[in-house]
Amino acid sequence: LHGEAPGALNMAIDEAMLIALAEGVSPPTIRFYAWAPPCLSLGRNQPVTDADLPACRAAGVDLVRRPTGGRAILHVDELTYSVTLLHSDPRAGGGVVESYRRLSEGLLAGLRRLGVEAVQARGQRKPASDLTAICFETPADYEITAGGRKLVGSAQCRSRGSVLQHGTLPLHGDLTRIVSYLSMPEGEHEAQRRILGAGALTLEEASGRTFPFAQVAQALADGFAEALHLTLVPGDLTDYERTLAYDLRRRYAALNWPA
């Protein structure tokens with residue numbers, strides 16, 4: 001369980017944990033964290049032109065590129081989780097989609113502990129030509145929905161024989177705020193707000209309650225342990241992971257990779 005950190009450092013820590021696991025110097029890890037200041041993250045191959053840079057600067061919203069794919073997410077009033085595990089781990093078996101399904105069982109078990117009966121989305125993926133810049137508009141296979149609306153968005157990358165999956169659970173607030181920080185033709189902002197408001201929701205909306213960050217993190221940790229048959233041991237970053245993360249954050253602070 002980590003506190004808040006800037007976007008570039010958060011993404012660097014996730015990659016550092018992945019590298020340390022691949023090198024055999026760190027164990028598989030589940031991490032829960034938040035973002036400060038608010039940050040707009042872009043998917044690994046998403047064009048920077050999707051972001052309205054002047055609007056982000058004016059509002060004090062950071063901008064970062066994730067090591068995973070997908071579309072833009074505004075990280076504010078949320079809990080983010082990340083999981084690192086080896087390809088050889090049975091929980092990572094069967095490829096990306098199958099491991100999504102398996103790891104989603106942990107998220108579902110955690111949400112049940114908070115009184116939310118969520119489900120895994122199936123068959124709702126849009127064709128690439130219909131995708132917008134916004135991650136939370138439509139759930140992909142095995143992402144988490146409640147009442148037909150997307151609740152948790154996740155993404156995965158695989159490197160060096162290891163897997164990193166991370167995802168976002170909005171706790172409360174206005175999910176349509178992201179539209180203010182994206183570039184789109186004149187007149188489309190309101191339409192996108194309506195679409196996003198109808199297609200996604202926060203934990204507060206799904207449960208009818210406001211939960212503190214630490215309680216949500218504990219519920220999800222217990223859910224992962226239950227569903228994936230894990231024994232979790234609390235810990236912190238190793239010195240190696242911390243040093244590596246501070247080196248990697250320079251790359252994440254720049255947006256011109258992986259070009």
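This passage describes the aromatic pairs, the charges placed over rings and an enclosed cavity in a predicted model.

A pair of aromatic rings is described by the distance of the centres and the angle of the planes. Two aromatic pairs are present in the structure. One is made by Tyr33 and Trp35, whose rings lie 6.0 Å apart from centre to centre with 45° between the planes, an arrangement that counts as tilted. In the other, the ring centres of Tyr81 and Phe224 are 5.9 Å apart and the planes stand at 50°, so this pair is tilted. Distant parts of the chain are linked by the latter pair, since Tyr81 belongs to strand β6 (residues 78–86) and Phe224 to helix α6 (residues 213–228), with the two positions 143 residues apart in the numbering. Tyr33 and Trp35 are both buried, and Tyr81 and Phe224 are likewise buried.

Charged side chains were also found over aromatic rings. Tyr33, a member of the first pair described, has the charged end of Arg31 over its ring, at 3.6 Å from the ring centre. Arg251 is placed over the face of Tyr252, 5.0 Å from the centre of that ring.

Turning to enclosed space, two cavities of 30 Å³ or more were counted. The second largest cavity has a volume of about 30 Å³, and its lining includes Tyr100, Ser104, Leu107, Glu143 and Gln165. At least two lining residues come from each of α3 (95–113) and β9 (149–159), and α3 provides the largest share, three residues. Sorted by class, the lining of this second largest cavity consists of five nonpolar, three polar and one charged residues.

Definitions and conventions:
Residues numbered from 1 in each chain as written. Predicted model: local features only at pLDDT ≥ 70, side-chain atom pairs only at ≥ 80, totals over all residues. Heavy atoms only, no water. Phe/Tyr/Trp six-rings, centres within 6.5 Å; stacked < 30°, edge-to-face > 60°. Buried < 20%, exposed > 50% of the residue type's maximum accessible area, 1.4 Å probe, protein only. Helix = DSSP H or I, 4+ residues; strand = E, 2+ residues; numbered from the N terminus. Lys NZ or Arg CZ within 6 Å of the ring centre and 35° of its normal. 1 Å grid on protein atoms, 1.4 Å probe; cavity = no way out; pocket = protein on both sides within 12 Å on 5 of 7 lines; lining within 4 Å. Points joined across faces, edges and corners; volume = space filled by probe spheres on them. Nonpolar A, V, L, I, M, F, W, Y, C, P; charged D, E, K, R; others polar.
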